[in-house]
Amino acid sequence: GTPSPTVGTSPTASPTTTSPTAPSPTTSPTPRPSEPPVNLQMFSTGLTRTSFEALQDFTDLHYVVQEDPPIYSVVAEGGAAGSDVVSEGQGYGLLISGVTLASMELHDPNRSYVMNLFYGYFNAWKRMVELSSSDYGHCQDVKFCSGGSLSCLPGWKYPKELDSIIGTGSAPDGDADAITGMIFGVKAVANDAEKPDWFDEISQWADASSTQFMYHSTVASSTGENRIVKLGSCWGGWDSNGNNPSYHAPGSYRIMRDYQASFSARNYALPHFSDGLTMEQRWDKLISTSYKYLDAAQCDDIGIVPNWLTVSENSADGSLVPL
């Protein structure tokens, strides 16, 4: 079962695929510490919280698909998500738990509890990928995870039981958060004398998922001067293909770049991009293009960006031009 946390806080400043047989889900909550009620404005700028406190509140959103090994899906509410699981929400689970784990001291009494949450959110992500990986992984014709048997980027929507897929095609905002969370999690335990059982697997997934993201969720411009994030593995990019400012995450791309540059246990061959660049150079192009895109999207008068913006490349100087 899930380890119980210690009371107190840590000292931290569209096709349908054939689904595998799922274990019988349960709605029993993960054990939580007994503590006074708190304001659940999880990300309020007026409420100072530790990452561990925020993670504890976040567990109210998760559904226990199974306990051993843990599989915790994150149930969204409202909008396009309805009351289902979307990759953006599941990505938050990996990101928040990974960051929290990285912020903890080795002997923190709640560390094993957070490790278990992190592993549970990862296993749910993996289940989503397994449900997405038929039909070339929905626009991912080359697969890099689990020895090349799985496309690393899941579809964007599932029922909370994770026994089928509702929305196919990946969404790069959730993917970037999930991969970043994986990297935080594995880096948090990399120097432990006794590493958790999941360390090797998630280390491989973090690297392979970064490659999958670069290969299927970004696209170079016609001149090769720029590389832009798409709207997902199946759509988006340059010109009329469409783009969205909220999908650009240059900070996460830096983390993926540096992780891949230092990763020495890769068990697959990197794909050919036919651009003569190293993977590190591609990440640098993606980072710089994201900043160019956000600069082009920003309103000169008040500084905000729109929900959507299509751009074209100026081939003369490599700048981006809103359409």
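**Reading disulfides, salt bridges and helix packing**

Me: Cysteine 234 is partly exposed, its relative accessible area being 29%; which cut-offs separate buried, partly exposed and exposed?

Reply: Buried means under 20% relative accessible area, exposed means over 50%, and partly exposed lies in between, with a 1.4 Å probe and protein chains only. This is a predicted model, in which local features need pLDDT of at least 70 and side-chain atom pairs count only at pLDDT 80 or more, whereas totals for chains, interfaces and linings use all residues. Residues are numbered from 1 along each chain as its sequence is written, and side-chain values use heavy atoms, with hydrogens and water left out.

Me: To which residue is cysteine 234 joined by a disulfide, and how many disulfides are there in the whole structure?

Reply: In general, a disulfide is a covalent bond between the sulfur atoms of two cysteines. The search that covers the whole structure (sulfur atoms within 2.5 Å) finds 2 disulfides. Cysteine 234 is joined to cysteine 139, with an S to S distance of 2.1 Å, and the torsion about their S-S bond is about 105 degrees, so this disulfide is right-handed. Because cysteine 139 lies in helix α4 (residues 135-139) and cysteine 234 in the loop between β6 (227-229) and α7, the pair ties together parts that are 95 residues apart in sequence. Here helices (H or I, at least four residues) and strands (E, at least two) are DSSP runs numbered from the N terminus. Cysteine 139 is itself partly exposed, at 36% relative accessibility.

Me: Which cysteines form a disulfide with sulfur atoms 2.2 Å apart, and is cysteine 152 buried or exposed?

Reply: That disulfide is formed by cysteine 145 and cysteine 152, and the angle of 115 degrees about the S-S bond makes the link right-handed. Cysteine 152 is buried, with a relative accessible area of 0%, and cysteine 145, at 1% relative accessibility, counts as buried too. When bonded cysteines are counted along the chain, the disulfides follow the pattern 1-4, 2-3.

Me: How many salt bridges does the structure hold, and which residues are linked with Glu53 in a network?

Reply: A salt bridge is a side-chain nitrogen of Lys or Arg within 4 Å of a carboxyl oxygen of Asp or Glu, and the structure holds 11 of them. Arg49, Glu53 and Asp57 are linked in a network of salt bridges; within this network, the closest N and O atoms of arginine 49 and glutamate 53 are 3.8 Å apart. Arginine 49 counts as buried at 15% relative accessibility, whereas glutamate 53, at 22%, counts as partly exposed.

Me: Which residues meet the side chain of arginine 257 in salt bridges?

Reply: Arginine 257 meets aspartate 258 at 2.9 Å, N to O, and it meets aspartate 284 at 2.8 Å, N to O. The pair of arginine 257 and aspartate 284 links distant parts of the chain, 27 residues apart, with arginine 257 in helix α7 (residues 250-262) and aspartate 284 in helix α8 (residues 279-297). Arginine 257 counts as buried at 16% relative accessibility, while aspartate 258 is partly exposed at 43% and aspartate 284 is partly exposed at 33%.

Me: At what angle do the axes of helix α5 and helix α6 cross?

Reply: As a general idea, two packed helices are described by the angle between their axes and the distance between the axes. The axes of helix α5 (residues 172-189) and helix α6 (residues 199-216) come within 9 Å and cross at roughly 145 degrees, where axes are lines fitted to C-alpha atoms over the stretch in contact and angles run from 0 to 180 degrees between N-to-C directions. The contact (heavy atoms within 4.5 Å) involves residues including Ile179, Met182 and Ile183 of α5 and Trp205, Ala206 and Phe213 of α6.

Me: Where is serine 246 placed, and with which side chain does serine 246 make a polar contact?

Reply: Serine 246 is placed in the loop between β6 and α7 and counts as exposed at 55% relative accessibility. A polar contact is a pair of N or O atoms within 3.5 Å; within protein, one must be able to donate a hydrogen and the other to accept it, and residues adjacent in sequence count only if both atoms are side-chain atoms. Such a contact, of 2.7 Å, joins the side chains of serine 246 and asparagine 244. The C-alpha atoms of serine 246 and valine 305 are separated by 8.9 Å, although these residues are 59 residues apart along the chain.
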